[in-house]
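I opened a new page for this protein and wanted a first overview. My notes go from the whole chain down to single pairings.

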Amino acid sequence: MAVRHRLIKADPSVVWDVIADGNRYADWVVGTGASRPSRGRWPEKGASIEYEVPLGPWRLSNETIVRRVEEGRQLELEILAGPLGTARFSIELREWGEHCLVIADEHPLQGAGSALHNFGAEAVIQLRHRTMLARLAHCCEEQAEQGHEPAARGLGVQENPGHA
């Protein structure tokens with residue numbers, strides 16, 4: 001299991017606002033293109049976002065689904081990565097003085113990624129997490145410097161009530 005942590009110099013509520021904004025997923029998650037909510041209200045349980053992963057001339061369409069959420073504290077996601085299978089990704093926030101300790105935990109669940117998981121794959125995930133947590137810290141610390149304004153809630157897919 002790839003577990004990594006980082007102290008982010010921002011209030012946990014700022015960090016939560018960044019990770020709870022489905023439109024900002026690609027800002028901090030390494031390897032993703034533009035993200036967009038696709039189902040439900042991110043980050044409520046069962047909600048999902050879609051994004052593309054560029055691989056040279058190809059693009060893989062991936063989806064991430066919220067499997068468990070403790071608002072302001074923890075978000076557990078299932079990453080559906082097509083032929084690579086699925087992975088569980090958990091991000092936990094802990095108040096640490098006036099800052100936030102972020103703990104990221106990822107491991108493969110099913111498919112090729114699970115079958116081929118080894119020490120080398122674990123090392124790659126660790127490098128990815130180091131970069132991802134640095135990007136998350138940058139997003140959060142920048143938002144904290146600008147003055148914390150909570151992200152808009154309810155960024156999920158809306159029903160079209162129709163027009164009269």
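The entries below record what I looked up, starting with the overall make-up.

Entry 1. I noted that this is a predicted model. I then looked up its secondary structure and found four helices and seven strands. Along the sequence I wrote down the pattern β-α-α-β-β-β-β-β-β-α-α.

Entry 2. I looked up burial and found that 43% of the 164 residues count as buried. The exposed surface came to about 9100 Å², with 53% of it supplied by carbon and sulfur atoms. I also checked the contacts with a separation of 6 or more, and 50% of them join residues 24 or more positions apart.

Entry 3. In what order do the strands lie in the sheet? I read S1-S7-S6-S5-S4-S3-S2, in an open sheet of seven strands with antiparallel pairing. Strands S1 (2–8) and S2 (35–39) each have a single partner strand and stand at the edges, so one side of each has no neighbour in the sheet. From one strand to the next, I noted a twist that averages 25°.

Entry 4. I picked one pair for a closer look. Strand S3 (residues 48–55) runs antiparallel to strand S4 (residues 58–70), and eight bridges join them. For Glu 50, I found Glu 63 in S4 as the bridge partner.

Entry 5. Which strands does helix H1 touch? Helix H1 (residues 12–19) packs on the sheet and touches S1, S4, S5 (74–80), S6 (86–96) and S7 (99–110). I noted an angle of about 155° between the direction of H1 and that of S6.

Methods. Residues numbered from 1 in each chain as written. Predicted model: local features only at pLDDT ≥ 70, side-chain atom pairs only at ≥ 80, totals over all residues. Heavy atoms only, no water. Helix = DSSP H or I, 4+ residues; strand = E, 2+ residues; numbered from the N terminus. Buried < 20%, exposed > 50% of the residue type's maximum accessible area, 1.4 Å probe, protein only. Contact = heavy atoms within 4.5 Å. Areas by Shrake-Rupley, 256 points an atom, 1.4 Å probe, with all protein chains shown as cover. Pairing = 2+ DSSP bridges. Axes fitted to C-alpha atoms, helices over the stretch in contact; angles between N-to-C directions.
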